[in-house]
Amino acid sequence: MTTCPECGLKMRSEKENYPYEPVPGLVVMLRGITVRRDDSGHVAPAIPRILALHKSIAEAVVGKPGRLSGPEFRFLRTHLGYQAKDLAPIVGASPFTLSRWETGKEPIGPQADRLARLLTVLLAHLKGFKPEQFGAIDKKVARPLELELRVAGEEWRPAA
């Protein structure tokens with residue numbers, strides 16, 4: 001049994017589904033991971049292979065139909081390692097506009113949406129993305145990404 005790094009109480013471990021939020025507003029349900037809890041309410045999920053998890057989330061975000069939401073755009077930006085001020089000129093926007101996209105105060109334009117997805121594909125070498133999916137982006141209504149992932153061997157995969 002481990003102790004809580006915050007309060008020193010003993011923590012108990014259980015396998016459970018855990019809502020993981022890699023950036024504010026983007027919640028991914030992780031299935032069957034070990035979560036440690038203590039009696040004071042502290043929670044410590046054990047998330048294995050975090051880089052592989054973020055790659056799987058990026059693949060799902062890039063391949064989803066409909067425009068990206070602000071949190072999805074922010075996730076791709078941070079996944080690629082860009083600060084807003086550095087990505088803004090690449091997508092043809094000001095840092096102020098980028099901030100408004102990421103907070104949902106302004107919709108992301110179709111060109112910036114496509115460019116964020118393309119950058120992710122090119123820079124992260126994602127597998128399974130089909131370029132023809134770009135054609136469907138403008139025809140779909142934006143809706144939140146619904147995704148559940150589970151650990152399968154050495155990688156994260158969509159839950160069945």
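Start with the whole chain on screen and think about contacts: of those with a separation of 6 or more, 56% are between residues 24 or more positions apart. What you are looking at is a predicted model. Color by secondary structure and you should find 6 helices and 6 strands. Trace the chain along its sequence and the order is β-β-β-β-α-α-α-α-α-α-β-β. Now switch on the surface. The accessible area comes to about 9200 Å², and 55% of that belongs to carbon and sulfur atoms. Of the 160 residues, 36% count as buried.

**Stop 1: strand S4**

Select residues 43-46, which make up strand S4, and pick out Pro-45. Which residues does Pro-45 touch, once you ignore its neighbours within four places in sequence? Show Tyr-18, Ile-33, Thr-34 and Val-35: those are its contacts. Next, draw a distance from the C-alpha of Pro-45 to the C-alpha of Glu-16. You'll get 9.6 Å, although the two are 29 residues apart in sequence. Pro-45 has a relative accessibility of 28%, so it counts as partly exposed.

**Stop 2: helix H1**

Move on to residues 50-63, helix H1, and show the side chains of Glu-59 and Lys-55. These two meet in a salt bridge, with N and O 3.6 Å apart. Why might such side chains pair up? Opposite charges can pair when their charged atoms come close. Glu-59 and Lys-55 are separated by about one helical turn, because they sit 4 residues apart in H1. Here's the general idea: an α-helix has 3.6 residues a turn, so residues three or four places apart point the same way. Both partners are partly exposed, Glu-59 at 26% relative accessibility and Lys-55 at 28%. By the rule used here, the model has 10 salt bridges in total, and you'll meet others in a moment.

**Stop 3: helix H2**

Select residues 70-80. Is this helix, H2, mostly covered or mostly open? Mostly covered: 8 of its 11 residues are buried. They are Gly-70, Pro-71, Glu-72, Phe-73, Phe-75, Leu-76, Arg-77 and Leu-80. Just past the end of H2, click on Gly-81, which has a positive phi, near 85°.

Keep H2 visible and show Arg-74 together with Glu-102. Their side chains form a salt bridge, at 4.0 Å from N to O. This pair ties together distant parts of the chain, since Arg-74 is in H2 while Glu-102 is in helix H4 (residues 95-103), 28 residues away. The two ends differ in cover: Glu-102 counts as buried at 13% relative accessibility, while Arg-74 counts as partly exposed at 32%.

**Stop 4: helix H4**

Stay with H4 and select Thr-97, Leu-98, Trp-101 and Glu-102, which are buried. Look down the helix axis: they lie on the same side of H4, because they cover an arc of only 135° around it. Now turn to the face that points away from this buried side. Which exposed residues does that face carry? You'll find Phe-96 and Thr-103 there. Right after H4 comes Gly-104, another place to check phi: it is positive, near 80°.

Before leaving, show Arg-100 and Glu-106. They form a salt bridge whose closest N and O atoms are 3.4 Å apart. Arg-100 is partly exposed at 27%, and Glu-106 is partly exposed at 29%. For a wider view, add Arg-74, Arg-77 and Glu-102: salt bridges with shared partners join these three into one network.

**Stop 5: helix H5**

Jump to residues 110-124, helix H5, and find Leu-118. With the surface on, color Leu-118, Leu-122 and Leu-123. They make a nonpolar surface patch of about 270 Å². Leu-118 has a relative accessible area of 37%, which means it is partly exposed.

**Last stop: the hairpin**

Finish with strands S5 (residues 148-152) and S6 (residues 155-158), which pair in the antiparallel sense over 4 bridges. Select Leu-149 and look straight across: which residue of S6 stands opposite? That's Pro-158. The two strands form a hairpin with 2 residues between them. Zoom in on the turn and click Gly-153, where phi is positive at about 65°.

Terms used: Residues are numbered from 1 along each chain as its sequence is written. This is a predicted model: local features need pLDDT of at least 70, side-chain atom pairs count only at pLDDT 80 or more; totals for chains, interfaces and linings use all residues. Side-chain values use heavy atoms; hydrogens and water are left out. Patches are made of residues with over 30% relative accessible area and no salt bridge: like charges are joined within 9 Å, nonpolar side chains (Val, Leu, Ile, Met, Phe, Trp, Tyr) within 5 Å. Accessible areas come from the Shrake-Rupley method with a 1.4 Å probe; for residues, only the protein chains shown count as cover. Buried means under 20% relative accessible area, exposed over 50%, partly exposed in between (1.4 Å probe, protein chains only). Contact means heavy atoms within 4.5 Å. Two strands pair if DSSP finds at least two bridges between them. The arc is that of the directions from the helix axis to the C-beta atoms.
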